[in-house]
Amino acid sequence: MSLYRNSAWFLKGVTEFTRNAFLSASKRFVEKDLEVSVAGRSFMITGANSGIGKATAMAIAKRGGTIHMVCRNKDKAEEARADIVKETGNKEVYVHILDLSETKKVWEFAEGFKRKYKSLNVLINNAGAIMSQRDLNAEGLEKSFATNVLGVYILTKSLIPLLEKSVDPRVITVSSGGMLVQKLRTGNLQSERGRYDGTMVYAQHKRQQVVMTEQLAKTHTNIHFSVMHPGWVDTPVANAMPDFHQSMKDSLRTPEQGADTVVWLSVSEAAVKNPSGRFYQELQTVSKIWKHAVIVPAAKGSSPKTGRWCPPTCLWPGPTAPLWRNKS
Ligand SMILES: NC(=O)c1ccc[n+]([C@@H]2O[C@H](COP(=O)([O-])OP(=O)(O)OC[C@H]3O[C@@H](n4cnc5c(N)ncnc54)[C@H](OP(=O)(O)O)[C@@H]3O)[C@@H](O)[C@H]2O)c1
């Protein structure tokens with residue numbers, strides 16, 4: 001990462017991503033936007049057992065929504081489910097076990113979900129991870145890419161027919177302001193070349209989520225897509241960067257503060273008045289982020305061969321391949 005980009009990101013972070021920045025921004029939040037009942041609407045939340053995902057599930061369950069928690073660890077998921085049911089009194093909270101880094105299983109899960117359920121109003125792609133070293137999944141794909149990009153893409157694309165059948169469908173992806181330190185690179189999707197720096201690989205994948213959201217919004221105009229940054233939040237993901245966590249720990253947001261924008265994008269009427277495909281922070285679209293994206297010149301999205309955005313599945317000749325052909 002260049003010194004310039006690193007410094008710009010940190011400066012932006014200390015002014016915009018901390019708990020104090022949240023408290024200051026929250027003065028202009030319109031409380032009525034969140035005073036809604038979502039009874040009868042269903043919400044799938046990945047990584048709902050912890051941090052921002054759990055806080056989001058809690059907030060939506062309080063408003064009466066049906067929650068589908070998609071988690072990789074059964075014990076952690078059941079414990080979180082019990083907390084949510086106990087605190088909200090809402091029993092419509094279901095656990096589904098899925099490791100999003102296992103590409104074929106993501107597709108199988110989504111196909112099974114479509115067969116079992118008649119509707120899904122909102123998909124929240126929240127799960128995310130920073131890898132400490134380069135590992136491969138069962139299909140030989142690098143795990144950060146498989147979890148943070150390909151898993152999100154396959155889950156979303158597979159569920160689109162179900163979302164399209166449902167009322168007011170929305171897809172929200174939890175990205176990160178860390179994406180500012182990376183320009184879009186499609187030439188090394190498997191992080192095979194160069195030293196593997198898990199934090200930078202993660203930032204690259206968060207950048208890819210932003211571009212992917214723009215592309216999905218263009219293709220699937222019946223669904224409202226958004227992608228967002230939750231600020232710097234005290235969770236295990238922030239802990240995966242020990243130096244950062246140590247120096248910022250007194251300024252980090254609570255998971256509830258980090259979840260505020262996701263919840264607003266998921267339940268409010270106001271959110272869907274904005275165009276689809278936008279990036280959000282503190283309950284509003286962030287044009288400044290796009291100005292920063294100009295500093296990062298390759299942000300248009302390109303595949304080395306065609307010069308166009310390449311759906312992540314172009315790398316994976318698995319069973320879903322025919323699903324995407326001619327459709328994205
Ligand atoms: N915390 C921050 O400062 C910050 C800043 C910007 C963006 N974000 C983003 O916010 C989102 C939520 O993270 P968080 O901060 O709330 O951290 P967290 O509490 O660690 O939550 C991450 C969730 O993702 C799940 N997960 C990770 N890999 C998975 C996989 N392969 N399959 C299924 N689930 C998986 C985790 O499951 P386990 O509990 O089993 O590990 C956990 O439930 C992430 O996308 C993260 O990148 C966080």
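Both faces of strand β5 are covered in this predicted model: R170, I172 and V174 sit buried on one side, and V171 and T173 sit buried on the other. Put another way, β5, which spans residues 170–174, is mostly covered, with five of its five residues buried.

What does β5 pair with? Strand β4 (residues 122–125) runs parallel to β5, and four bridges link the two. Along this pairing, L123 stands opposite V171 of β5.

Zooming out, β4 and β5 belong to an open sheet of eight strands, lined up as β3-β2-β1-β4-β5-β6-β7-β8, with mixed pairing. The edges are taken by β3 (93–97) and β8 (284–285); each has a single partner strand, so one side of each is left without a neighbour in the sheet. For β3, a parallel partner is β2 (residues 66–71), and five bridges hold this pair together. One match to look for here is M69, whose bridge partner in β3 is V95.

Helices lie against this sheet too. Helix α5 lies across β2 and β3, and its direction makes about 170° with that of β3. Helix α11 (residues 255–267) also packs on the sheet, where it touches β1 (42–46), β4, β5, β6 (224–228) and β7 (278–281). Relative to β5, α11 runs at about 170°.

Next comes a pair of helices. Two packed helices are described by the angle between their axes and the distance between the axes. For α4 and α5 (residues 74–88), the angle is about 35° and the axes are 9 Å apart. Their crossing is right-handed. On the α4 side, the contact is made by K54, A57, M58, A61 and K62, while α5 brings in A80, I84, E87 and T88. Sorted by class, the residues of this contact come out as five nonpolar, one polar and three charged.

That leaves the ligand. Which residues come nearest to it? Out of the 29 residues around the ligand, the nearest are G47, S50, G51, G128 and T235. Two elements, α4 (51–62) and α9 (236–239), give two or more residues each to the shell around the ligand. So far as class goes, the shell holds 14 polar residues, twelve nonpolar ones and three charged ones. Helix α4 therefore turns up twice in this description: α4 contributes to the shell around the ligand, and α4 also packs with α5.

Definitions and conventions. Residues numbered from 1 in each chain as written. Predicted model: local features only at pLDDT ≥ 70, side-chain atom pairs only at ≥ 80, totals over all residues. Near = placed C-beta within 6 Å. Nonpolar A, V, L, I, M, F, W, Y, C, P; charged D, E, K, R; others polar. Axes fitted to C-alpha atoms, helices over the stretch in contact; angles between N-to-C directions. Left-handed = near helix turned anticlockwise from the far one by under 90°. Contact = placed C-beta atoms within 7 Å. Buried ≥ 20, exposed ≤ 12 C-beta atoms within 10 Å, placed from the backbone. Pairing = 2+ DSSP bridges.
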